[in-house]
Structures are given as C-alpha cells and as structure tokens.
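Q: Please show me how to read the main features of a model, one at a time.
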Amino acid sequence: MSNLQLLAGFDMSKLFGDSIRAGINVQSAAFALGAVGLNLHYGFTGLLNVGMVAFMAAGSYGMAIIFTQGLLGGSILLGILGGLVFATIIALLVGIPALRLRSDYLAITTIAIGEVMRISFRSRRLLDITGGPFGLPSIEDRSADISLADRIGRDWNPLFNVDDPTRTFGFWKLAFDGKTLWLMIIGWTIVVLCSLLVWKLIQSPWGRVIKAIREDEDAARALGKNVFSYKLQSLVIGGCIGALAGIVRTLDSGFVESNQFKPQTTFFIWTVLILGGAASKWGPVLGAFLFWFILVFFEELLRQIISSSSDMVFLGLEANDVGRMRLIIMGIMLAALMVWRPQGILGKKEEALLDAR
Amino acid sequence: MPADLNAAQQAVRTADPTPGSAKQDPILIIDEVSRSFGGLQAVDVKRLEVQRGVITAFIGPNGAGKTTFFNLLTRFDDPDTGKWQFNGEELSGKLSHSIAQAGMVRTFQLTKSLGKMSVMDNMMLGAQDQKGESLFSALVKGSWKSQERAVEAKATELLGRFNLSHMRDEYAATLSGGQRKLLEMARALMSEPDLILLDEPMAGVNPALVQSLLVHVEALRDEGVSVLFIEHDMDVIMGISDWIVVLAEGRVIAEGTPEQVSQNNVVIDAYLGTSFAEDEGTP
C-alpha cells in the first residue's frame, strides 16, 4: 500500500480536531495546574517532589468530603477552601521533617505520602467518609439534595440555558456543551492566575531567595536566609496549586475515586513540566497542551492506520495495543527532547548549558 | 611598630602572645568549643578571643581543623561542646542563618556562586532585612520597590570596587574561578557584616589576582570590618595579618603578631618548618 493510499483513508479533521480538543479540555487544564505547582517546587526551588498526586488527592477528597458531609453548608467555594487547607496540612506534615534533610529525602517522602493517602482513602474503614474502594461516585450533599456536578454545571453556570440544555458552543470539532465549556473557562482561568502568581513571586526578592536555594542552599544560609522556612513556603504554595489541579478535575468529573490518584499521574505531570520547560513562565501550559495533543494524536493516527489496513494489523500492532503504544511514543519523544533540547520547549537554553559544566 | 596603624591594630599588637590571651576589644569570644569525628578530635579550642577591627589569620597544617572550626562557629556543623559570644551576644545554639543575620558572615573554600542567577542577583541576595523577601510583601511591589533600588545601587557600587561591573548581567556560572572568589566576597559585604570569615580566599586564584584580593581584604579592615581568614600561603599571611592564630590537631598552639609567630619554636616545629621545606621541594 503506498503512502498516498494510506493518507486517502484518513479522517484528517477527526485526527487534528480530537487532538486539539484533548489539548484544551479540562483534564489538560488540571495537568497544567499540577505542572505550575511542580514548577514552583522543582523549577524554581529545586525541591524534588515526586508526589504531586498527593496534593491533588488532598484537594479533591478535601472538597468532596466537605461537600458530601454537608459540612460548611455544602458550599463549593468552602469545599475548595477545605481542599486547600487539607493540602496545606499534607505539605506541612511532609515538609517539616523532610525539608530539614537532603533533597532526596523529600522525593522518597512525597512518593510515599501519595500512596499512603491513596491506599488509606480506599480503606473500608473510611467507607462513610471517602467511600472506601468505591470512592464517591456522585459528590452530593444528600441532606440538602444537591450534587456538585449540578451546582457547578447548572446552577452556577452562566452558559447553561434551561430552555436548551443541550446547546453547544464553538465550531467544527471544537464545539463544547455549556457545562464543559464553563469548566474549561474556570480551569484555564485558574491556570493563568496561578501562573501569574508564581511568576510575580519569582520576580520578587522572595523569588530571588527561592532561586538561590535551588542553586546552593548553603550559600543562601550563609547570607542569613532561613532556608527551611522558604522551602516550606514553596512546598505549601506549590502544593495548594497542585490541590487546585485535583479540584478542577473533580469539578469536571463530579466524582472521586482513589484510582484517579495513582503514582503515574505524578509522572505525567513531570512529563508536562519537562516538555514545556522547567523554570519558565508558560512552560506548564504549553506542556499540558502538547502532552494531551501528542497522546491523542498518535492514538487516533494508529487507530486510523490499523482500521484502514486490510488485516487490521499495522507493524504487528492491533487496535487494543494503541493505548499502550501512545505512551511509548510519548516516552521516546521525551527522551529525544532531553537529548536535543534539555531545557524543554520554553526553557532557557543558556541555563541548561550551565548545568552541563 | 609602623606609625600608620589604627588604634585596633596597635591594641592587638600589644596583646599577650600566648594561646587564649585576652584582647582589648574582642568581637568574638570562644570558650571550650570542641568537635570530634569518631575517634578524631578535630577541634578542641579552650579559649580564643578575636580582636575587633583587625585582620586575624588562622593558619595550621592540613587537617588542623581550621575549616571545621569555621563551620562550627557559623553552625554549618554542630559542636559537641562550647559557647561563643559575638558582639556580646551568645551565638551558640543559634542556626546558621541567624548567625549571619547577627553580622557574622562567611565565605566558602569552594566558592558557592549561584550559577544560574545573574551576578547582580547574586549580589542583591546578600542584602539583609529585605521587605520583599517575606511572602506576603513580595506580592505588593510598592512595599519593596524603593528598598530594591537602594540595594541595587549598593550592589552596583560594590561590583565596581571588585572590578565585576562588566559582568553584572551575566550568569555567575560564566565567571572565572578568581572572579567567583571576588563575587563571593562582595556578596558577603552586601550584608554589611561586622565580622567576615573568609575560608582560603586566595586558594586557586592566579597570582596576579591574589594581590588585588589582598587589597580588598585590607580595605575591609580599613572600613572597620573585622576579618578572620584561613590561609595556607605563609607569605600572604605575614604581609597582611595583624594577628595570627596557629592551629594544630584542633588546638590553638600559638597566637601572636606575624613577627612573634614566625619566631615561635612551637609553630616552626608544627607547621612552618615542614611547610617551608615542602614548599622548597615543589617547583
């Protein structure tokens, strides 16, 4: 089969439309938020946080529990606040012992706390609070008879039209229903606000201390900076941004379940940050878009190639191999990027070269 | 005795040249500071007073415990026992950043330039009591903008003095070894210390730059900063120091003016004799 024949069977608009859609949807905004928090931790402070998912879980479960238990009157905003408080507590619990030690200890502790939280939330002993292994399939306050999904998607949604609830906005493959678009707006607005907050902090004398800690803790200490306190501040702020990532994802899905918080989520967020460029202003945003674009693009491409071939096999791949293959391709692309552009797409080349000295 | 010495220099020259002797106006008083690594007694200083306003040098053979002693005083290492007073304030028990804030600032033998930050940012980091360094004021630029300008002006002036003006916007990692030593010293001065501890400031610096570093160290003293420094090169020490403390095997074995120390038999045995003999052997 010639290349031209291959191309002829393609649905180009589906290929690109679905990929772009994945790059800008709420899930992508959640990953961007996680990467913004990780950027403050790793890109600017040099903290090796390998448990971003723990902060996401704290945000999601914190909000969901407060909402379902009818605490604080089942308000979403107070629920979000509760998620942030939970994330702050986790950051302090991890940071106070681990940040006094060498940086590798934080890595071990963070990866552990993520798993500790996930497995604890799954526990049957917490059935009444976290839903145990079943999670909270619908986050709702039964006493007041309201669900999180309805509240955010309908009651508080200016794009929701009672007369025409299925109305869509947009064009081509990029038409979204009112609820999705509304959550995309919320998600990406939080992404932009958090990126600007981090950038403003980094441009201040506070940020100068933070970067000095990344470069050499002892030098900062010798100049009278309380390194431990700054690292803890960075961990809490980045952790709260990570919690917002979990919150945005939960607002979109309307449920929480412990398997949403497996360790690979942390590594996907690292991939997002490294793709976009650590220590850059908009690297996490571009990284999140590209991450989802690439995943869906190759998934769709392989699917179309396989389904258009006569024996439904392409290079030995069958349709159900595609899900794994797209991650392999992502891994290869990341490795190639590290060789040719180690600073990521938006990172500063000079800084990466200084590392190599 | 040369006539152009300041009062502090003259005062220290009349001090008793025995280990642990009292100084007229001590900036730092050390009592019973000790540290051992397993069976090795790295530092065991019974008493030491450091005169204010002069250049005091720590010398001693390799392994004498000079750097360890520095690390203990600045709490980059924890002493087993001991107390020390700085400007009349008890410093033992404080953490390293509090010690620096109290006005006792150190540099490192292996320079710690902050490579991926500009030379200017390196300098500005040194300034103390910056409002914008606290999290909440950091977000309100108006609260620290004017202080930032003052800090920048001071950094510009110091960079000029240390011949680094042309590098101000470069990454610190692009500086040469000697320039990094200069930067580290200049950065420490940004904190306006009362006492600066220099750990081998001339090590690994080319001979041409050593002279200019020495001039800077003397200039510090003339501005009223007390200097305590570790150095290996005997010729450098003899020319520049007002007072010399000799360490061997963790103990202070002698103190005195350069003339007194160079004639002290204990010192010659422990350090000078072997050191000079080695120096002659190397091309």
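**Strands, sheets and helix packing**

A: Start with a turn: S1(B) and S2(B) form a hairpin with two residues between them, and Gly38(B) in the turn has a positive phi of about 60°. This is a predicted model, in which local features need pLDDT of at least 70 and side-chain atom pairs count only at pLDDT 80 or more, while totals for chains, interfaces and linings use all residues. Residues are numbered from 1 along each chain as its sequence is written, and chains are lettered from A and ligands numbered from 1 in the order in which they are written.

Q: What do the strand labels rest on, and how is pairing decided?
A: Strands (E, at least two residues) and helices (H or I, at least four) are DSSP runs, numbered from the N terminus. Two strands pair if DSSP finds at least two bridges between them. Strand S1 (residues 26-37) of chain B and S2(B) pair in the antiparallel sense over 10 bridges. Within this pair, Phe37(B) stands opposite Leu40(B), and Ser36(B) is opposite Gln41(B).

Q: Which strands make up the sheet that holds S1(B) and S2(B), and in what order?
A: The general idea comes before the case: in a regular strand the side chains alternate between the two faces of the sheet. Here four strands form an open sheet in the order S2-S1-S4-S5 (chain B), with antiparallel pairing. Strand S2 (40-51) and strand S5 (89-90) of chain B are the edge strands, each pairing on one side only. On its other side S1(B) pairs with S4(B), antiparallel, over five bridges, and Asp31(B) stands opposite Lys83(B) in S4(B).

Q: Which helix packs on the sheet of S1, S2 and S4 of chain B, and at what angle to S2(B)?
A: Two terms are needed. Contact between two residues requires C-beta atoms, placed from the backbone, within 7 Å. Axes are lines fitted to C-alpha atoms, for helices over the stretch in contact, and angles run from 0 to 180 degrees between N-to-C directions. Helix H2 (residues 66-73) of chain B touches S1, S2 and strand S4 (81-86) of chain B, and its direction makes about 65° with that of S2(B).

Q: How many strands does the sheet with mixed pairing have?
A: Six strands form this open sheet, in the order S6-S7-S8-S3-S9-S10 (chain B). S6 and strand S10 (251-256) of chain B stand at the edges with a single partner strand each, so one side of each has no neighbour in the sheet. From one strand to the next the twist averages 20°.

Q: Where does the mixed sheet have parallel pairing, and where antiparallel?
A: Strand S3 (residues 55-59) and strand S8 (residues 226-230) of chain B run parallel and are joined by four bridges; Phe58(B) stands opposite Ile230(B) in S8(B). Helix H8 (residues 207-222) of chain B packs on this sheet, touching S3, strand S7 (195-199) and S8 of chain B, with its direction at about 145° to that of S8(B). Strand S9 (residues 243-248) of chain B and S10(B) pair in the antiparallel sense over five bridges, with Val245(B) opposite Glu255(B). Their hairpin has two residues between the strands, and Glu249(B) takes a positive phi near 50°.

Q: How are two packed helices described?
A: By the angle between their axes and the distance between the axes. Helix H4 (residues 52-68) and helix H5 (residues 76-98) of chain A pack at about 140°, with axes 7 Å apart. Angles under 35 degrees count as roughly parallel, over 145 as roughly antiparallel, 65 to 115 as roughly perpendicular and the rest as oblique; H4(A) and H5(A) are therefore oblique to each other. Their crossing is right-handed (the near helix is turned clockwise from the far one by less than a right angle; anticlockwise would be left-handed).

Q: Which residues meet in H6(B) and H7(B)?
A: Lys154(B), Ala155(B), Leu158(B) and Leu159(B) in H6(B) meet Ala186(B), Leu189(B) and Met190(B) in H7(B). H6(B) and helix H7 (residues 177-190) of chain B pack at about 145°, with their axes 10 Å apart.

Q: How many residues of chain B are in contact with chain A?
A: 31 residues of chain B are in contact with 25 residues of chain A. H3(B) gives the most to the chain B side, with four residues.
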